[in-house]
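User: I am new to this structure and would be grateful for a close look at a single part of it. Please describe how one helix packs against its neighbours.

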Amino acid sequence: MDLDSLLREEFTAGPAEPPTLVDERIAAARRTRRRRDLATRAALVAAVLAATAGVAGIVDIGTRHTVPAVPSPSAPLDRAAAMRLAEETQLGPGQPVDGQFIDARHGWIALLRCTTPDPDQHCALTYAITDNAGATFRKLPISPSATAGEIYMFDPDHLVFDRWTEPRLVSDNGGRTWREVTDTSSGTVDTVPAGDLLAEVVDPATEDGIFGAMGPDGTLRRLTNAPVGAMPLSEPRDRPVGGIYFAAVGARLMASDDAGATWRSADVGTAVSASDLSVFGDAARLYATNETAVGDVPTLLTSTDRGATWTVLPWPATGAFPVPAQPPRTMDIFAGYDGRSATYLPGSGLYASDGLAWWRLEPATSQFTPVAMRPSVIWQPIGGALVSLGTDPRHPSAWISVDGTHWNPIHVP
Amino acid sequence: MVDDSFDGFVRAHIAALDRYAHALTGDRHRADDLVQETLVRLAGAWRRVHRDAGDPAAYARTIMFRTHVSLWRRWSRRPDATSLTVDPSTSRDDYGTVDARLTLRASLGRLSRLQRAVLVATYLADLPDEEIAALIGRSEATVRSLRHRGLKALRADLGITGPDPIEPKGGSRGPRLPVA
């Protein structure tokens, strides 16, 4: 037998056994991916902090105050401060990496606390809940490790913690106590019932991915007419915007006006992929922006016909935000941004930032006007709120606001 | 109906991914690690792969090859899994074919990661040099050099003498063995 034949036989032989535990391998991959994504976002925050510390200058650390001055984008970097922050690798209570506010007072956040600079190691997620717009947070007794999950907050009392491949946890007392639910998959439903949330989770009983409705008791029901391959948007993951449910099918944006009974295509053009989109606003005017890789420029879109068509909304004139110097750690990092962000604060409107200065969109004129905002070296919009990080290199902390005016330092015991 | 979900892709392609990983590593446990790392990275890129209307199978293969190459240093610090070593000078007998396979396996284990990756891409994936170069992030000339040196080492271990055979030209080697 010649070498060519030997090599061909050797390589095509493959492992002796057929693949086993495929579902477990899929679930493990999803779980690891989620943990890495969160860790990556935290690492990027740390990188930006290290690169930009000192830009915002020193501000007083107090409670619940408004900072009138807009920092100058041209302020020189304080390298010494940058070094101090780089060594810290962590801000006060940890780095907020996820969260959602369901109204002006109630919300949750996930904080990643790392004890080494390597985000793959020794990091743990802490989940905390607030009922006073972030003035105080109460730590939830879940997830003591870095194992990630998704919190579905139905109302201030009812929460479900989806642990991806383990049985979900349910709380009906604001997260003070939790119970495990085992029998949670119960057929199909034509629409998302009132009180339920849109969800895409892996059913731990069958290992199947389910796109459908989740009830406050953790019950999952597949949405009968959901488009094949439908996935929730980046935000909102579980709620309608202006009464419209959105979902991504690959690059296509789908919308439902009747709680998931029927779905229509929503044309966002070819410049963005629906799977990267966050949609916010109200029924009269919707906004969307996409999550991009580090260094890419996100797109800002708006729609006045319930998402049927979208037009590009030019960003306000921006300053020069220092993009993280370090490249993505792996070739497939998904999360990242160039400093630009947009968020919608209910009752206040659309805000856009280049990472330093802020503008608010005047709906009547569709023009951005500068607004004073708390100084920060990096901003992290989380659902319905803004988090400002590293406002003071001497006292690094994270601050949160749901209206862009009143700010509270995040303190989780 | 085509299942274009991540789960559906994995279920349809896991056997092929296992085969590639096994060919690249020659070790069951490392192959399992490599497949799992590939799945983790693919899961992170899944939406983007669809957005770009890409070929998930080709993307998975690229991830696997590059991961395999980049993991070389990490794995090289681990104690080796039990490896079969065969001295070709004492083991050639009537069971020559079996011996040759064992010797080949041991010899493959001594090749560099890149050399082995090039051989797998050539003989299992049947890829042209241009694609192999893109796969491992090297030039086509480097691909040819790696293959030449790899084959030379294998021939030496197997006791194959005589002039160098004509080097394989990727893309014209019989039936293509796709990822799935």
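Analyst: The account below follows one helix and its contacts.

This is a predicted model, in which local features need pLDDT of at least 70 and side-chain atom pairs count only at pLDDT 80 or more, while totals for chains, interfaces and linings use all residues. Residues are numbered from 1 along each chain as its sequence is written, and chains are lettered from A and ligands numbered from 1 in the order in which they are written.

The helix is α7 of chain B, residues 113-123; helices (H or I, at least four residues) are DSSP runs, numbered from the N terminus. Its axis comes within 10 Å of that of helix α8 (residues 129-136) of chain B, and the two cross at roughly 140°. Axes are lines fitted to C-alpha atoms over the stretch in contact, and angles run from 0 to 180 degrees between N-to-C directions. α7(B) is therefore oblique to α8(B); angles under 35 degrees count as roughly parallel, over 145 as roughly antiparallel, 65 to 115 as roughly perpendicular and the rest as oblique. The crossing is right-handed, meaning that the near helix is turned clockwise from the far one by less than a right angle.

From α7(B), B:Leu114, B:Ala117, B:Val118, B:Ala121 and B:Thr122 meet B:Ile132, B:Leu135 and B:Ile136 of α8(B), contact requiring C-beta atoms, placed from the backbone, within 7 Å. This contact has seven nonpolar, one polar and no charged residues. Ala, Val, Leu, Ile, Met, Phe, Trp, Tyr, Cys and Pro count as nonpolar, Asp, Glu, Lys and Arg as charged, and the others, Gly among them, as polar.

α7(B) also packs against helix α1 (residues 3-13) of chain A, at about 90° with the axes 10 Å apart. These two helices are therefore roughly perpendicular. Here B:Leu119, B:Val120 and B:Tyr123 of α7(B) meet A:Leu7, A:Arg8 and A:Phe11 of α1(A), a contact of five nonpolar, no polar and one charged residue.

Note on methods: Two residues are in contact if their C-beta atoms, placed from the backbone, lie within 7 Å.
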